Amino acid sequence: MDDPAHPDMEREWARLSSFRYWPLHAVVQPQKLAGAGFFYTGHRDHVRCFYCDGGLRNWEVDNNPLIDHAKWFPRCEFVQHVLGESYIAGVQYQYFGTQEDEQVVQESETSPAQHRETPEEQLHRLQEERMCKVCMDNQVSIVFVPCGHLVVCLECAPSLAECPICRTPIGGTVRTFMS
């Protein structure tokens, strides 16, 4: 196993102690969240996994934190250790109709008659794509769950309740790093 993103939250009691100021109106109990690998960020009902750093929020009454962890972060080594790969594959199949490894990405073909971008045009387009669509100052670094759009920076993401592209309610976030 790799090292956890937040080693200070590796112990369940440490994660549980982070819920000291958990909102009283929150519908999911801190014990379930801590048991599923999450600790409280101190903001609304936002939690993060101590291991994969995956974030979830906007909890509803019927949510199961461990299943939601497997649903949105199937590659997290903590959740793989707790549930096992075959159980996670079943969760993925139940919610998405496919297992993560079976998903196929299709590339579109470019015909010779289509306009080909110059290197300068490509560079400009790529720079615009990587710019936060909210502040237009920072590079994008947050992927919204469940829609998967990568359109905002770390600073702008907490202020949004829904994706600015498709208006899907944000169920969680994943921080990305461009290399």
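Two strands pair if DSSP finds at least two bridges between them, and strands themselves are DSSP runs of E, at least two residues long, numbered from the N terminus, just as helices are runs of H or I with at least four. Keep in mind that this is a predicted model, where local features need pLDDT of at least 70 and side-chain atom pairs count only at pLDDT 80 or more, while totals for chains, interfaces and linings use all residues. Residues are numbered from 1 along each chain as its sequence is written, and side-chain values use heavy atoms, with hydrogens and water left out.

**Stop 1: strand 6**

Select residues 172–175, which make up strand 6, together with strand 3 at 55–56: the two pair in the antiparallel sense over two bridges. Look for Leu-56, which sits opposite Gly-172. Now add strand 4 (142–145), also antiparallel to strand 6 and joined to it by four bridges. Here Val-143 has Val-174 as its bridge partner.

**Stop 2: Gly-171**

Pick Gly-171, in the loop between strand 5 (150–152) and strand 6. Is Gly-171 buried or exposed? Neither: with a relative accessible area of 24%, Gly-171 is partly exposed (buried is under 20%, exposed over 50%, partly exposed in between, using a 1.4 Å probe and protein chains only). Leaving aside neighbours within four places in sequence, Gly-171 is in contact (heavy atoms within 4.5 Å) with Leu-56, Arg-57, Val-145 and Pro-146. Try a C-alpha to C-alpha distance to Asp-68 as well: 9.7 Å in space, for a separation of 103 residues in sequence.

**Stop 3: the cores**

A nonpolar core is a set of buried Ala, Val, Leu, Ile, Met, Phe, Trp, Tyr and Cys residues joined through side-chain atoms within 4.5 Å. The largest one has 27 residues, and Phe-19, Trp-22, Leu-33, Phe-38, Val-47, Trp-59 and Cys-76 have the most contacts inside it. Elements giving two or more residues to this core include helix 2 (30–35), strand 1 (38–40) and helix 4 (77–83). Then jump to a second, separate core of 11 residues, with Cys-153, Cys-156, Cys-163 and Ile-170 among them. Back at Phe-38, show what it touches beyond four places in sequence: the list includes Arg-15, Gly-54, Pro-65 and His-69.

**Stop 4: aromatic rings**

Rings of Phe, Tyr and Trp (its six-membered ring) pair if their centres lie within 6.5 Å; planes under 30 degrees apart count as stacked, over 60 as edge-to-face and the rest as tilted. The whole structure has seven such pairs. Select Phe-19 and Tyr-40: their centres are 5.9 Å apart and their planes at 15°, so this pair is stacked. Phe-19 is in the loop between helix 1 (12–17) and helix 2, and Tyr-40 is in strand 1, 21 residues apart. Phe-19 counts as buried at 6% relative accessibility, as does Tyr-40 at 9%. Next, Phe-50 and Phe-78 have ring centres 5.2 Å apart and planes at 75°, so they are edge-to-face. Both Phe-50 and Phe-78 are buried.

**Stop 5: helix 5**

Finish on helix 5 (85–96). Colour Ile-88, Ala-89, Val-91 and Gln-92, which are buried. Seen down the helix axis, the buried residues fall within an arc of 160° (taken from the directions from the axis to the C-beta atoms), so they line one face. Their packing partners are helix 3 and helix 4. On the other side, Ser-86, Tyr-93 and Gln-94 are exposed. After helix 5 comes Gly-97, with a positive phi near 75°.
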